[in-house]
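Here is a short report on selected local features. Keep the viewer open while reading.

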Amino acid sequence: MIILAVVIAVLVIVIALATRRASRAEKVSRPPPSAEIVQPKAAEAVPEAPPAEEEREEEEEAPEDDRKKALRAGLAKTRGGFIARLGALLSGKKTIDAETMDRLEEVLVGADIGFKTSQKIFEAVKKALTREQLTDPETIWAHIRGQSEKILEIGALPLDLTRARPFVILVVGVNGVGKTTTIGKLAAKYAKHGMRVLLAAGDTFRAAATEQLEIWGQRTGAPVLRGKEGSDPSSVIFDAVKKAQAENYDVVIADTAGRLHTKVDLMEELQKVRRVLGKAMEGAPHETFLVVDATNGQNAIAQAALFKQAMALTGIILTKLDGTAKGGVILGISDELSVPVRYIGIGEKVDDLREFDAHEFVVALYEHEDGSAAA
């Protein structure tokens, strides 16, 4: 009897242990969700109040004129910078002597377009023009404008957001350049054209970035996929792409970290995100935009070069052009990186983030205050 009782007790213990292990295994097999979706509230889905009837009529009458005026106003400080110095040097002169040419070189080198690009423009002027043409201020001005447009016109194909579904855009840049705000404005633009947009909060190292992205999600009607603070950004963005595929979203815009312990850490993290995106969807990301703050001047060129070394950049977004006289940096970035500028920011409104047009930009940049072309 004693032996039988011992055997029964052992069997009870074995069964209890087996049940506990099975319970634990079941818990392990159910991984916790890596991300959660934040849906916009219906009442907050409209980013801005509709314009008054009179404003809508004005927009319908002369949208192109309004666009040009807004761009010109946004570039006012840059025109007051090195463009004004060039104008002061060349305007009112019937002929240009050797001393003026030397001063022209100094103005270009001293601008925020970068030494390499300024020398390129200056040498192109000297090489392309005859000795007689080099004494004509208007001819020199025209050639500087033409050379500027040539630098900005990289020759990239227009953006086609319909060539993949979902179309995945990875947005990179250091903290403080307006990256998250730019993502929000892009979402608003695409939603305005009838596209379903999903935002991925890939900057999991900074809670404020996720909160800001959620605010833009509410304004634009775009859901935001977010992870826990400090979680793996790659997994959050991976989940966003998979959700977009399953639910037929048109566009995924992924935010990324802008600052880690070192530049090496940041670049390695961004490279990992890019690799994981490729596993989530073949060909992703379809565009990788670098956001750069124009107010940083030549430092912006150095930042852009650093990201170009680590990432296959496909486009530049230059923000805060309206708040600086250093807008000439756009020439240096385009020239040294050979990456097209896709959007420029010239104000706080959603519509102030606009598609970049090299010819339109150069015309506005070199205009006089009366609206005529600089000569």
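## Charges over rings

Arg219 lies over the face of Trp216, at 4.9 Å from the ring centre. The model is predicted. Arg196 sits over a ring face too: that of Tyr249, at 4.0 Å from the ring centre.

## Helix H9

Trp216 is one of the buried residues of H9. The others are Ala209, Thr210, Leu213, Glu214, Gly217, Gln218 and Thr220.

Helix H9 covers residues 207-220, which is 14 residues. At 1.5 Å a residue, the helix should span 20 Å. Its end C-alpha atoms are 20 Å apart, so the expected span and the model agree. Just after H9 comes Gly221, with a positive phi of about 80°.

## Aromatic pairs

How many aromatic pairs does the structure hold? There are three. Trp141 and Tyr366 form an edge-to-face pair. The centres of these two rings are 5.6 Å apart, with 80° between the planes. This pair links distant parts of the chain. Trp141 is in helix H7, while Tyr366 is in the segment after helix H14 (358-365). The two residues are 225 residues apart. Both Trp141 and Tyr366 are buried.

Phe356 and Phe361 also pair, with ring centres 5.3 Å apart. Their planes meet at 55°, so this pair is tilted. Tilted pairs fall between the cut-offs of 30 and 60 degrees. Phe356 has a relative accessibility of 14%, so it counts as buried. Phe361 is at 1% relative accessibility and therefore counts as buried.

## Ser118 in helix H6

Is Ser118 buried or exposed? Ser118 is buried, because its relative accessible area is 0%. The residue belongs to helix H6 (residues 115-128).

A polar atom of the Ser118 side chain lies 2.8 Å from the backbone oxygen of Phe115. Leaving aside residues up to four places away in sequence, Ser118 touches Leu108, Val109 and Ile113.

## Cis peptide bonds

Most residues other than glycine have a negative phi, and most peptide bonds are trans. Some sites in this model depart from that pattern, starting with two cis bonds.

Arg165 and Pro166 are joined by a cis peptide bond, with omega about 0°. Pro166 is placed in the loop between helix H7 (137-152) and strand S2 (167-172). The bond from Ala284 to Pro285 is cis as well, with omega near -5°. Pro285 is in the loop between helix H11 (263-280) and strand S6 (287-293).

## Positive phi outside glycine

Asn248 has a phi near 60°, a positive value in a residue other than glycine. Where is Asn248 found? Its place is the loop between helix H10 (233-246) and strand S5 (251-254). Asn248 has 47% relative accessibility, so it counts as partly exposed.

Lys320 is also a residue other than glycine with a positive phi, near 60°. Lys320 lies in the loop between strand S7 (315-319) and helix H13 (329-337). The relative accessible area of Lys320 is 33%, so this residue is partly exposed.

Terms used
Residues numbered from 1 in each chain as written. Predicted model: local features only at pLDDT ≥ 70, side-chain atom pairs only at ≥ 80, totals over all residues. Heavy atoms only, no water. Helix = DSSP H or I, 4+ residues; strand = E, 2+ residues; numbered from the N terminus. Buried < 20%, exposed > 50% of the residue type's maximum accessible area, 1.4 Å probe, protein only. Polar contact = N/O pair within 3.5 Å; in protein donor to acceptor, adjacent residues only side chain to side chain. Contact = heavy atoms within 4.5 Å. Expected span 1.5 Å × (residues − 1). Phe/Tyr/Trp six-rings, centres within 6.5 Å; stacked < 30°, edge-to-face > 60°. Lys NZ or Arg CZ within 6 Å of the ring centre and 35° of its normal.
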